[in-house]
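Let's take a walk through the empty spaces in this protein and the strands and helices around them. Have a look at the fold before reading on.

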Amino acid sequence: MKDSYVLRKGYQNDEWERKSFNRLAGQIFGLDFEKWYQNGYWKDNYIPYSIMEEEEVLANVSVSPMLFLENGETKRYIQLGTVMTCKSCRNQGLIRRLIQEIQKDYEGKADGWFLFANESVLDFYPKFGFRRSEEFEYVKAVTNEEEKSAISVPMEDKSDYLKLQQAMKASCPQSSFWLDSKEELTMFYALDDLGKHIYFVPEQNAYVFASIKAGQLHLHQVFSPDKVNLDRIAAAFGKEVKSLVLGYSPIDNKGFLCRKIAEADTVLHVKGSALNSIEREYLRIPKLAHT
């Protein structure tokens, strides 16, 4: 690295450096973390590791320590995300330097590691002990003659966010691969465009992140104090719904078709034998757990 480059960690409370991070995230991914921060949800659940020059972020890899319930068993995993380098600083080994620093800080502190990469960098992450892993999604046909009963829940102010957060805290696991440390990260999605796709299903006492595309109900996540009936959740979205696609692994997969996920920009890479269970047990890391 150049002598003028500085490695900074967990600096989100520094306004200037945080805004520089947001500028680069906006340029590379179209993301902005400022609203998430200002609402108090960006804590130690998302730790940026960045190479800077004069307080300007040039490259970044973020660390998310996560607690999952995997078929009822507690697992501690680390996700790497928001891997980015400004165009003028590429091919300088900056991401390599950041991952080496992260591994030094976190090696031995988790059951496994994972990240999502696009097809263009599949040869890069194996250099750090990661391997490509298949991931699976669950789909089923739906026949429904009922009228829509799901109620749209607009995220308009702080009270709306707090109600949703309380519902998350009160929820029992609704997935066989359940993000237990979920509230802060899920609120990132609620504060972003997915906030337009939050519903309440009264008969199931459930908050639902969902969107409908060409008759398919994409059910990203469900939060309820009791285990929900997914057929009843689908029915709550009306006659338009002809099939159900889950953004997570169901506890009961009876009636579902399980298929491999094939998305060029979200290829799963894992590190550590604990995550062999993803392929072995046909699991899906919840879509709302991606960083």
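For sorting residues by class, Ala, Val, Leu, Ile, Met, Phe, Trp, Tyr, Cys and Pro count as nonpolar, Asp, Glu, Lys and Arg as charged, and the others, Gly among them, as polar. With that in hand, the lining of the largest pocket splits into 22 nonpolar, 13 polar and seven charged residues. Keep in mind that this is a predicted model.

**The pocket**

How much space lies in the largest pocket? It comes to about 1400 Å³. Its lining takes in 42 residues, and those nearest the centre are Phe29, Thr82, Val83, Phe116 and Asp265. Two or more lining residues come from each of α1 (15–29), β4 (73–85), α3 (94–106), β5 (112–117) and α5 (183–191). Which of these elements gives the largest share? That's β4, with seven residues.

Helix α5, one of the contributors to the pocket lining, is mostly covered, with nine of its nine residues buried. Charged residues are on that buried list too, including Glu183 and Glu184, along with Met187, Phe188 and Tyr189.

**Around β15**

Strand β5 also helps line the pocket, and it pairs with β15 in the antiparallel sense over five bridges. Within that pairing, Phe114 has Val270 as its bridge partner in β15. Strand β6 (residues 131–132) runs antiparallel to β15 as well, joined to it by two bridges; here the partner of Arg132 is His269.

Is β15 buried or exposed? Mostly covered, it turns out: five of the five residues in β15 (residues 267–271) are buried. Val267, His269 and Lys271 point one way from the strand, while Leu268 and Val270 point the other way. So what about the bridge partners mentioned above? Val270 and His269 lie on opposite sides of β15, going by where they point.

**The seven-stranded sheet**

Elsewhere, seven strands make up an open sheet with mixed pairing, in the order β8-β10-β11-β12-β13-β7-β14. Strands β8 (151–152) and β14 (257–260) sit at its edges, each pairing on one side only. Inside the sheet, β11 (residues 206–213) and β12 (residues 216–223) run antiparallel and are joined by seven bridges. One of the partnered residues is Phe209, which is matched with Gln221 in β12. Helix α4 (residues 158–170) lies across β10 (198–201), β11 and β12, and it runs at about 105° to β11.

**The cavities**

How many cavities of 30 Å³ or more does a search of the whole structure find? There are two, set side by side here:

| Cavity | Volume | Lining by class |
|---|---|---|
| Largest | about 60 Å³ | six nonpolar, two polar, one charged |
| Second largest | about 40 Å³ | one nonpolar, two polar, four charged |

The largest cavity ties back to elements already met. Its lining is made of Trp178, Leu179, Lys182, Thr186, Gln221, Phe223, Pro286, Leu288 and Ala289, with β9 (177–179) and β12 each giving two or more residues. Gln221 is the bridge partner of Phe209, and Thr186 is one of the buried residues of α5.

Which residues line the second largest cavity? They are Glu135, Ile261, Glu263, Thr266, Arg284, Lys287 and His290. Ile261 is the one nonpolar residue in that lining, with four charged residues among the others.

Terms used. Residues numbered from 1 in each chain as written. Predicted model: local features only at pLDDT ≥ 70, side-chain atom pairs only at ≥ 80, totals over all residues. Heavy atoms only, no water. 1 Å grid on protein atoms, 1.4 Å probe; cavity = no way out; pocket = protein on both sides within 12 Å on 5 of 7 lines; lining within 4 Å. Points joined across faces, edges and corners; volume = space filled by probe spheres on them. Helix = DSSP H or I, 4+ residues; strand = E, 2+ residues; numbered from the N terminus. Buried < 20%, exposed > 50% of the residue type's maximum accessible area, 1.4 Å probe, protein only. Pairing = 2+ DSSP bridges. Contact = heavy atoms within 4.5 Å. Axes fitted to C-alpha atoms, helices over the stretch in contact; angles between N-to-C directions.
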